[in-house]
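Please work through the exercises below with the coordinates open beside you, and attempt each task before you read its solution.

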Amino acid sequence: MNEVLVGLGIAYIFLAALLLLALVYGRMAWTAKLLLIVVSVGFYWVSYINWQNAQGWPSQADLPKRFLFYAVVVEEPDKTEGIEGRLFVWASDLAGDRPSDTPRAYVLAYDKDLHVKLDAAQRQMRNGNLQIGEVGGELFDPQATRDNTRIADKKIDLEFTDLPDPQLPEK
């Protein structure tokens with residue numbers, strides 16, 4: 001088990017014990033005690049949900065318009081298992097022509113053309129050619145728009161170029 005989770009568990013138990021002491025020995029109306037219980041349970045739930053979002057799960061945010069590409073992991077669709085398929089892209093935002101300090105994982109809806117482009121970019125990376133990616137356009141599926149689906153269900157188009165070598169003179 002992760003040490004951070006153990007630490008959080010101990011902190012939650014400590015806070016629950018403090019709440020119990022306040023409820024048992026405190027001179028409050030029973031409605032105030034009930035409200036205190038409901039609010040504390042609500043905070044436990046909120047911290048649990050936010051903790052999951054901070055644990056390396058891919059971002060549901062849009063892929064940056066211009067980014068430095070690191071890797072892709074493909075989850076291909078499987079109709080028999082009911083898997084729609086996803087593309088997990090690791091990238092750094094290139095806002096200001098400098099990569100952000102930390103790469104981020106993004107999840108995209110599976111698209112065969114996008115899969116081919118990402119595989120080609122990954123092959124280039126393996127050959128030592130850093131790849132700059134650009135979002136070419138967002139092609140929304142009208143059904144997905146009507147259903148108000150997540151950002152990860154958007155279809156986008158990507159273009160990749162090699163990062164220029166600073167050692168070579170420009171043409």
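The exercises go from the chain as a whole to its strands, its nonpolar core, its ring pairs and one histidine.

**Exercise 1. Establish how many helices and strands the chain has, and in what order they come.**

Solution. The coordinates belong to a predicted model, and in this model the chain holds four helices and five strands. Read from the N terminus, the order of the elements is α-α-β-β-β-α-β-α-β. Turning to the chain totals, 23% of the 171 residues count as buried, and the exposed surface comes to about 12500 Å², of which carbon and sulfur atoms supply 60%. Among contacts with a separation of 6 or more, 60% are made by residues 24 or more positions apart.

**Exercise 2. Work out how β1, β2 and β3 are joined, and decide whether β3 is enclosed.**

Solution. Begin with β1 and β2, which run antiparallel and are joined by eight bridges; within this pairing, F67 stands opposite D93 of β2. Next, β2 (residues 86-93) is joined to β3 by six bridges, and these two strands also run antiparallel, with F88 having V107 as its bridge partner in β3. Finally, five of the six residues of β3 (residues 104-109) are buried, and the strand is therefore largely enclosed by the rest of the structure.

**Exercise 3. Find which residues touch the most other members of the largest nonpolar core, and which elements contribute to this core.**

Solution. The largest nonpolar core has 18 residues, and those that touch the most other members are L63, F67, F69, V89, L118 and L158. Two or more residues of this core come from each of β1 (66-75), β2, β3, α3 and β5 (155-162), and α3 gives the most, namely four residues. As background, nonpolar side chains in soluble globular proteins tend to be buried together. To see the surroundings of one core member, take F67: beyond its neighbours within four places in sequence, F67 is in contact with A91, S92, L94, Q131, I132, G133, E134, V135, L158 and F160.

**Exercise 4. Determine how many aromatic pairs the whole structure contains, and classify the pair Y12 and Y44 and the pair F69 and F160.**

Solution. A search of the whole structure gives three aromatic pairs. For Y12 and Y44, the ring centres are 4.7 Å apart and the planes stand at 75°; since planes over 60 degrees apart count as edge-to-face, this pair is edge-to-face. Because Y12 lies in helix α1 (residues 3-25) and Y44 in helix α2 (residues 30-53), the pair ties together parts that are 32 residues apart in sequence. Y12 is partly exposed at 27% relative accessibility, and Y44 is partly exposed at 26%. For F69 and F160, the centres are 5.3 Å apart and the planes are at 65°, so this pair is edge-to-face. F69 in strand β1 and F160 in strand β5 are 91 residues apart, and their pair thus links distant parts of the chain. Both F69 and F160 are buried, and ring pairs link F67, F69 and F160 into a cluster.

**Exercise 5. Decide whether H115 is buried or exposed, and name its contacts.**

Solution. First locate H115, which lies in helix α3 (residues 112-126). Its relative accessibility is 7%, and because buried means under 20%, H115 counts as buried. Setting aside neighbours within four places in sequence, the contacts of H115 are V74, E76, L87 and Y110.

Note on methods: Residues are numbered from 1 along each chain as its sequence is written. This is a predicted model: local features need pLDDT of at least 70, side-chain atom pairs count only at pLDDT 80 or more; totals for chains, interfaces and linings use all residues. Side-chain values use heavy atoms; hydrogens and water are left out. Buried means under 20% relative accessible area, exposed over 50%, partly exposed in between (1.4 Å probe, protein chains only). Contact means heavy atoms within 4.5 Å. Two strands pair if DSSP finds at least two bridges between them. A nonpolar core is a set of buried Ala, Val, Leu, Ile, Met, Phe, Trp, Tyr and Cys residues joined through side-chain atoms within 4.5 Å. Rings of Phe, Tyr and Trp (its six-membered ring) pair if their centres lie within 6.5 Å; planes under 30 degrees apart count as stacked, over 60 as edge-to-face and the rest as tilted. Accessible areas come from the Shrake-Rupley method with a 1.4 Å probe; for residues, only the protein chains shown count as cover.
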